[in-house]
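I opened this notebook to record what I looked up in one structure. My entries begin with the ligand and end with the domains.

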Amino acid sequence: MSALWMPFTANRAFAASPRILAEAEGIFYRDTAGREILDAVAGLWCVNAGHGRQEIADAVSRQLLTLDYAPAFQMGNPYTVAAAERLTDILPDGIDTVFFTNSGSESVDTALKIARAYHAARGEPQRNRLVGRNRGYHGVNFGGLSVGGIARNKEQFGPLLAEVDHLVDTHDPERNLYSRGQPEFGAERADDLLRLIEAHGANSIAAVIVEPVAGSTGVLIPPKAYLERLRAICSAHGILLIFDEVITGFGRLGAPFAAQRYGVTPDLMTMAKGLTNGVVPMGAVVMAGSIRDAIFAGAPDGIELFHGYTYSGHPVAAAAMLATLDIYEREQLFAHAAAIAPYWADTLHALRGEPHVIDIRTDGLVAGIELEPGPRGPGTRGFAIFEDCFARGLLTRVTGDILALSPPLIVERGHIDRAAETLRAALRAAD
Ligand SMILES: Cc1ncc(COP(=O)(O)O)c(C=O)c1O
């Protein structure tokens, strides 16, 4: 392990006791010993159509031998054009413009820059302030880190963007424990934006960015009417609303995006992960055409936006994306996620009352299981259960003392039962 420095990993502990995945098919990984591991997190919230999809492999292989790379700047190709067009088929009404990136982090920083460029183009360059939310995760680049609300992710890196504020988070354990679907209480937390408007003036705020479901912090589902209220306040004050749909996109909640699931349309959305089933890096920012039009109008000649990546809309990623969206559609995976979600919720909520469990939150094919911190300090019990689950053949994700689950959308009842039984055994064995 000495050459490889792994991201977001306790490298020294990992090297002493590694977990190595060697193969994957359907909903299972295999380790180097050939042991089957049920993937209850779709890799890292991304392999929504399941592993080892032949159609995607074929499309990528064909693309590599047809047009392996084309410059993203000042040159076009039919595959990237088709990918943008195809993506709009599943976007909320009114969102019809696509800017490609390569990851969630890049999508977030791109969206924040587009928001500022939009206001500047419309003659409001003072609208600089970017508003995130406590406990939010928007990737690791400087913009996303600035609007993000997880302190530990920022501590090592010095000053971030200055013109940034954070809303209060949506977690209300006093009133919303063991929620299924959207929690009842907490819509008024959106009014925290009014506090920032009061403090800074609405005309200093460019955009608000939130994850519709906060994933990385441990699955916080938006309370009923919260997103509607945030939408209304943004609209009333000319503030752009950005949904970071990097994990909520592509059927995770039983609809193409959280925007449709919750019936609230933002101005911009960021996405990645499930866009290509996780198999080739690709991200996108999508938006109402009026945002692009305003930026174009503000730049009568030449390049309209001084931003982009060498691999924006990479033809191979575009091919992977087109094949992925075909699978989602042909197999009706978003509808399958919606149909099996009640069983998912029933089975996981049945873990209520098991040792250490203090909350369970579910919506669509997402679950957060919160544990009481163990005697060795915060996070240790969660990590021990994550390790034990892996040893028992179940891949979960842990953040602090919260286990997060988000299986591939091809999941069936038997897999859900097996995941829950493994979790139950690990909870009972944990100290
Ligand atoms: C909501 C959200 N935004 C952004 C990101 C960052 O994506 P990436 O790791 O592809 O940069 C993630 C990653 O998990 C995420 O969950």
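Entry 1, the ligand. I looked up the surroundings of the ligand in this predicted model and found 14 residues around it, the closest being Ser 103, Gly 104, Ser 105, Gly 139 and Val 246. I then asked which element gives the largest share of this shell. It is helix α5, residues 104–121, with 3 residues. By character, I noted 5 nonpolar, 7 polar and 2 charged residues in the shell.

Entry 2, the chain. I recorded 15 helices and 15 strands for the protein chain. Its radius of gyration is 21 Å, close to the 22 Å that the globule rule gives for 431 residues, so the chain is as compact as a globular protein of that length. The C-alpha trace spans about 65 × 55 × 45 Å along its principal axes. I noted that 48% of the 431 residues count as buried. Of the contacts with a separation of 6 or more, 72% join residues 24 or more positions apart.

Entry 3, the domains. The domain assignment gives domain 1 as 11–53 + 332–429 and domain 2 as 57–330. I found their C-alpha centres to be 26 Å apart. To the contact, domain 1 contributes 32 residues and domain 2 contributes 31 residues. On the side of domain 1 that touches domain 2, I listed α2 (42–45), α13 (333–349), β11 (357–363), β12 (366–371) and β15 (402–405), each supplying at least two residues. Helix α13 gives the most to that side, with 7 residues. I entered the residues of this side of domain 1 as 17 nonpolar, 9 polar and 6 charged.

Definitions and conventions: Residues numbered from 1 in each chain as written. Predicted model: local features only at pLDDT ≥ 70, side-chain atom pairs only at ≥ 80, totals over all residues. Near = placed C-beta within 6 Å. Helix = DSSP H or I, 4+ residues; strand = E, 2+ residues; numbered from the N terminus. Nonpolar A, V, L, I, M, F, W, Y, C, P; charged D, E, K, R; others polar. Rg over C-alpha atoms; globule rule 2.2 N^0.38 Å. Buried ≥ 20, exposed ≤ 12 C-beta atoms within 10 Å, placed from the backbone. Contact = placed C-beta atoms within 7 Å. Domains from an automatic or database assignment.
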